[in-house]
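Trainee: Could we go through this model together? I'd like to know what stands behind each label you put on it.

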Amino acid sequence: MATSQNVLFITTDQQHYMAMGYLNPEVRTPNLDRLVSQGMAFHRAYTPNPTCTPTRASWLTGQYPSQHGAYSLGTKLMEDRPTINDALFAGGVKSALVGKAHFQPLLETDEYTSLESYPLLHDLDFWRTNRSGFYGFDRVELARNHTDESHVGQHYAIWMEERGLANWRDYFLPNQPSQTVEGDPLTESKHTRRKPGQAWEIPAEYHYNAWIADRTNAFMRSFAEAGDRFFLWASFFDPHPAYMVPEPYASMYDPAKVTVPEHVPGEFDDKPPYFRKALEEKPDFSEFVEPGGNAIHGAGSHLSSHEDRAKNIAAMYGMMTMLDDYIGKILDQLDDLGLTDQTLVCFTSDHGDFFGQHGLTKKAIHHYEDLIRIPLVVRQPGVVPQSVVTDAIQSTVDLAPTFLSALGLPVPREMSGIDALPVWTGAAQSVRDHAIVENQHQPTTMNMRSLVTDRYKITVHFNRAYGELYDLESDPRELVNLWDAPDAQSLKGELLLRFMHAEMGRAVLPMPRIAVA
């Protein structure tokens, strides 16, 4: 039985779970705070992978990255993989995506093509006539850039041109040499890289937040006018680095008044050896280079000045407030169309962020809570209890089956995620006692998985003797690694067995046994 006529899915990119006003008074996010007050917020929600492509493909498929195949950045979700859109189409529910997809890489080969690659993402004539069919979406409007990256193009660039910003390319960086491909008509730009704390000069009305809100609302109106049920995904790019935002948001927060996280001296002494490299000026990660791999996000120096980190945090807060303003426009339209009571709203992010915690910046090879824990808020009046904050463990691999359950549609057996709707509606306290986080960033050399329980987190590194074990109850900052602690060996053994059971329990069973043999 359906509890929802529609699903409005709102996502951010690389947002720390504390970057919301209801948890952190240093940043203002009144519209997200409104969602929390009207619905349910999960403080123990985890990503299935701490990078973009694998997690976003998991949202679409209801499978873990090791199952759907888009296991790392620079890979793609193969086009023949079943997605939530197949089930939505069969159930008569319209689907649309506006904003960031990142299901495919920025470059392609003859064997592995990509619609999100150079030079195609700059071929605006192609995108003017391609607005549907991408992984089964009835309607799509896409872009690929975070802030001023040269990846800008696709439907966002068309939107800017239609609104009179003929010189839009001047607000974005020129192509990097590795991404300069023959036939690209939009390689060059006069724009230069911004310094920490420097405002992005693009007018706010042409920022991609304005585009995402405008097009999301247009699709919502169209669905409402046609009387269609819908799954509508507003996929925002911020607050992914580089941290920059136009005025008035750029000067909204004073760097001198933000809390700047710091490295604790000695905290890496009991961690995997590569952690210490983060605090070197020129770290050597050559041992992790292998055929079939590529650049390792996070495998570099994380050293930065306190001043620069403060400026970046102030800019990130500005990004969050601007983002929140445009999320508010989408929520307001839902109200104006009279759809609020029949629409399940879900807000989350693909993964977290480091902006100084443990001395680290950005992502992606350290499974601290800052990176793998994410915001998750759901709301539907009369269905989701109001003003509830819970520590029930959630994994966003569960989103696709939960959305289908809310819409009253069958959940395909191929989905390994769990239907979390009983928790979202208050009918159950929890549906899972653990979360699994995969991170096969390189095929073998940088490959790790974590099991998170109500109290502990254990991380196994492929073919390495080192590992991580944290007591999140007594050591929430994850300063003490118990992996080699003599008095924790029994606990480690118990958790490793529990991890193996969890791995076995998530196997995909596409059909039941229908005969003896």
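**Talking through the labels**

Mentor: Sure, and keep in mind that the model is predicted. Let's start with Arg56: neighbours within four places in sequence aside, Arg56 is in contact with Thr11, Thr12, Asp13, Lys100, Ala101, His102, Phe103, Trp233, Ser235, Phe236 and Asp350. Arg56 sits in helix α2.

Trainee: Why is Arg56 called buried?

Mentor: The cut-off for buried is under 20% relative accessible area. Arg56 has 0%, so it is buried.

Trainee: And what makes α2 an enclosed helix?

Mentor: Count its residues: 10 of the 10 in α2 are buried, so the rest of the structure largely encloses it. Arg56 is on that list, and so are Cys52, Thr53, Pro54, Thr55, Ala57, Ser58, Trp59, Leu60 and Thr61. Just past the end of α2, Gly62 has a positive phi of about 70 degrees.

Trainee: How do you know that α6 is mostly covered?

Mentor: By a count again: α6 runs over residues 154-162, and 7 of its 9 residues are buried. Those are Gln154, His155, Tyr156, Ala157, Ile158, Trp159 and Met160. They pack against α5 (124-128), β5 (139-143) and α7 (208-226). Just after α6 comes Gly164, with a positive phi of about 95 degrees.

Trainee: Which residues does Met160 touch, beyond those up to four places away in sequence?

Mentor: Val152, Leu165, Trp168, Phe172, Ile202 and Tyr206. Met160 also turns up in the largest nonpolar core, which has 113 residues. Together with Tyr156, Phe403 and Trp424, Met160 is among those with the most contacts inside that core. Helix α9 (residues 306-336) gives the largest share of this core, 15 residues. Another core lies apart from it, with 23 residues, including Phe275, Ile296, Phe354 and Met448.

Trainee: Is there a general tendency behind cores like these?

Mentor: Yes: in soluble globular proteins, nonpolar side chains tend to be buried together.

Trainee: Why is the pair of Phe275 and Tyr368 called edge-to-face?

Mentor: Two values settle that one. The ring centres of Phe275 and Tyr368 are 5.9 Å apart, and a pair needs centres within 6.5 Å. The planes are at 75 degrees, and over 60 counts as edge-to-face. By that rule the model has 31 aromatic pairs.

Trainee: What does the pair of Phe275 and Tyr368 tie together?

Mentor: Phe275 is in helix α8 (residues 273-277) and Tyr368 in the loop between β9 (361-362) and α10, so the pair ties together parts 93 residues apart in sequence. Both partners pass the burial test as well: Phe275 is buried at 0% relative accessibility, and Tyr368 is buried at 1%.

Trainee: Which residues do ring pairs link into a cluster?

Mentor: Phe9, Trp59, Phe103, Phe134, Tyr135, Phe137, Phe231, Trp233, Phe403 and Trp424. Several of those names return in the lining of the second largest cavity: Phe9, Trp59, Phe231, Trp233 and Phe403 are there, along with Leu60 and Ile84. Helix α2 (52-61) and strand β6 (230-235) each supply at least two residues of that lining.

Trainee: What classes do the lining residues of the second largest cavity fall into?

Mentor: The split is 7 nonpolar, no polar and no charged. The space inside is about 30 Å³. The structure holds 2 cavities of 30 Å³ or more, and the largest has about 50 Å³.

Trainee: Which residues line the largest cavity?

Mentor: Tyr17, Tyr22, Leu23, Phe42, His43, Arg373, Ile374, Pro375, Leu376 and Val377. By class, that lining has 8 nonpolar, 1 polar and 1 charged residues. The charged class takes in Arg, and Arg373 is in the lining.

Trainee: How much space lies in the second largest pocket?

Mentor: About 570 Å³. Its lining has 28 residues, and the closest to the centre are His16, Tyr17, Met18, Gln357 and Asp370. Helices α9 and α10 (369-372) are the elements that give two or more residues to this lining. Its classes come out as 12 nonpolar, 5 polar and 11 charged.

How values were computed: Residues numbered from 1 in each chain as written. Predicted model: local features only at pLDDT ≥ 70, side-chain atom pairs only at ≥ 80, totals over all residues. Heavy atoms only, no water. 1 Å grid on protein atoms, 1.4 Å probe; cavity = no way out; pocket = protein on both sides within 12 Å on 5 of 7 lines; lining within 4 Å. Points joined across faces, edges and corners; volume = space filled by probe spheres on them. Helix = DSSP H or I, 4+ residues; strand = E, 2+ residues; numbered from the N terminus. Core = buried A, V, L, I, M, F, W, Y, C linked by side-chain atoms within 4.5 Å. Buried < 20%, exposed > 50% of the residue type's maximum accessible area, 1.4 Å probe, protein only. Contact = heavy atoms within 4.5 Å. Phe/Tyr/Trp six-rings, centres within 6.5 Å; stacked < 30°, edge-to-face > 60°.
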